[in-house]
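User: I am new to this structure and would like to learn how to read its features one at a time. Could you take me through them slowly?

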Amino acid sequence: MSSAAHVHGTGGAGTSPEHALAAGAVAPDFTLHSTPDQSVSLSDFRGHPVILAFFPADWSPVCGDQMALYNEILPEFRRYDAELMGISVDGVWCHRAFAEARNLHFPLLADFEPKGEVARQYGVYRPEDGTAGRALFVIDDEGIIRWSYVSPIGVNPGADGILDALEHLQPREVAR
């Protein structure tokens, strides 16, 4: 599979993989709150690969396990100079409590108001339940989506696809 391949799982109604932005698309820029008084923009990370992990909700069992896994392997993502950001429609206060409880060391961004606007831009909003789908995007240092994956809502997609995509972004002599 090439690094530019668009891979997808089977999303639920409203979040079909066919609607998610595919490899080769320019990643839409956004600015979202990471804390009540701080915002993060995708463009702030130009020059670094970025992993966007859209997830339905803080505190759900699958989301908690997924975010804990990413937190555990954060050093592996950083080995590729990649920045990880979790995005859901939860508010900043909910994200703060969830991040503190799970001891997360990456930003959770609140796609809260207008609700799901960024998830809609990336084609992964679920209007039937008002959440983001479980979707992953690896964006290169120039802001181009190089890999995307939409997982079934109840399935933790793991990190293998992310790591494979990051590996393909690296010059051969840099990896490992």
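User: Let me begin with a single residue: in which loop is R46 found?

Analyst: Before placing any residue, please keep in mind that this is a predicted model. A loop is described by the elements on either side of it, and R46 is found in the loop between β2 (38-41) and β3 (50-54).

User: Is R46 buried or exposed, and how is that judged?

Analyst: The judgement rests on relative accessibility, where a value over 50% counts as exposed. R46 is at 53%, so it counts as exposed.

User: Which residues is R46 in contact with, once its neighbours within four places in sequence are left aside?

Analyst: Residues that are distant in sequence can still meet in space, and here R46 is in contact with D141, E142 and G143. The C-alpha atoms of R46 and D141 are separated by 5.5 Å, although the two residues are 95 apart along the chain. For the protein as a whole, among contacts between residues at least 6 apart in sequence, 67% join residues at least 24 apart.

User: G143 has come up there; in which hairpin does G143 take a positive phi?

Analyst: A hairpin is read as two strands and the residues that connect them, and G143 belongs to the hairpin of β8 and β9, which has five residues between the strands and in which G143 has a phi near 90°. Strand β8 (residues 134-139) runs antiparallel to β9, with six bridges joining the two, and A135 stands opposite V150 in β9.

User: Why is strand β9 described as largely enclosed by the rest of the structure?

Analyst: The reasoning goes from single residues to the strand: five of the seven residues of β9 (residues 145-151) are buried, so the strand is largely enclosed by the rest of the structure. Across the protein, buried residues make up 49% of the 176 residues.

User: How many residues lie between the strands in the hairpin of β1 and β2?

Analyst: The reading is done in the same manner, and in this hairpin two residues lie between the strands. β1 and β2 run antiparallel and are joined by four bridges, with T35 having Q38 in β2 as its bridge partner.

User: Turning to helices, which residues of α5 are buried?

Analyst: For a helix one lists the buried residues and then asks what covers them. In α5 (residues 160-169) the buried residues are I162, L163, A165, L166 and E167, and their cover includes β3, α1 (61-72), α2 (74-79), β8 and β9.

User: How much space lies in the largest pocket?

Analyst: A pocket is read by its volume and then by its lining, and the largest pocket holds about 190 Å³ of space. Of the 15 residues that line the largest pocket, L32, H33, A110, F112 and E113 are the closest to its centre. β1 (31-35) and α4 (117-121) each supply at least two residues of this lining, whose residues divide into seven nonpolar, four polar and four charged.

User: Which peptide bond is cis?

Analyst: The angle to look at is omega, and the peptide bond from E113 to P114 is cis, with omega near -5°. P114 is found in the loop between β5 (108-110) and α4.

User: Finally, what is the phi of W59?

Analyst: The sign of phi is the point to check, and for W59, a residue other than glycine, phi is positive, near 75°. W59 lies in the loop between β3 and α1 and is partly exposed, with a relative accessible area of 48%.

Definitions and conventions:
Residues are numbered from 1 along each chain as its sequence is written. This is a predicted model: local features need pLDDT of at least 70, side-chain atom pairs count only at pLDDT 80 or more; totals for chains, interfaces and linings use all residues. Side-chain values use heavy atoms; hydrogens and water are left out. Buried means under 20% relative accessible area, exposed over 50%, partly exposed in between (1.4 Å probe, protein chains only). Contact means heavy atoms within 4.5 Å. Two strands pair if DSSP finds at least two bridges between them. On a 1 Å grid over the protein atoms alone, a cavity is a set of points where a 1.4 Å probe fits but cannot get out, and a pocket is an open set with protein on both sides within 12 Å along at least five of seven lines; lining residues have an atom within 4 Å of a point. Grid points are joined across faces, edges and corners, and a volume is the space filled by probe spheres set on the points. Ala, Val, Leu, Ile, Met, Phe, Trp, Tyr, Cys and Pro count as nonpolar, Asp, Glu, Lys and Arg as charged, and the others, Gly among them, as polar.
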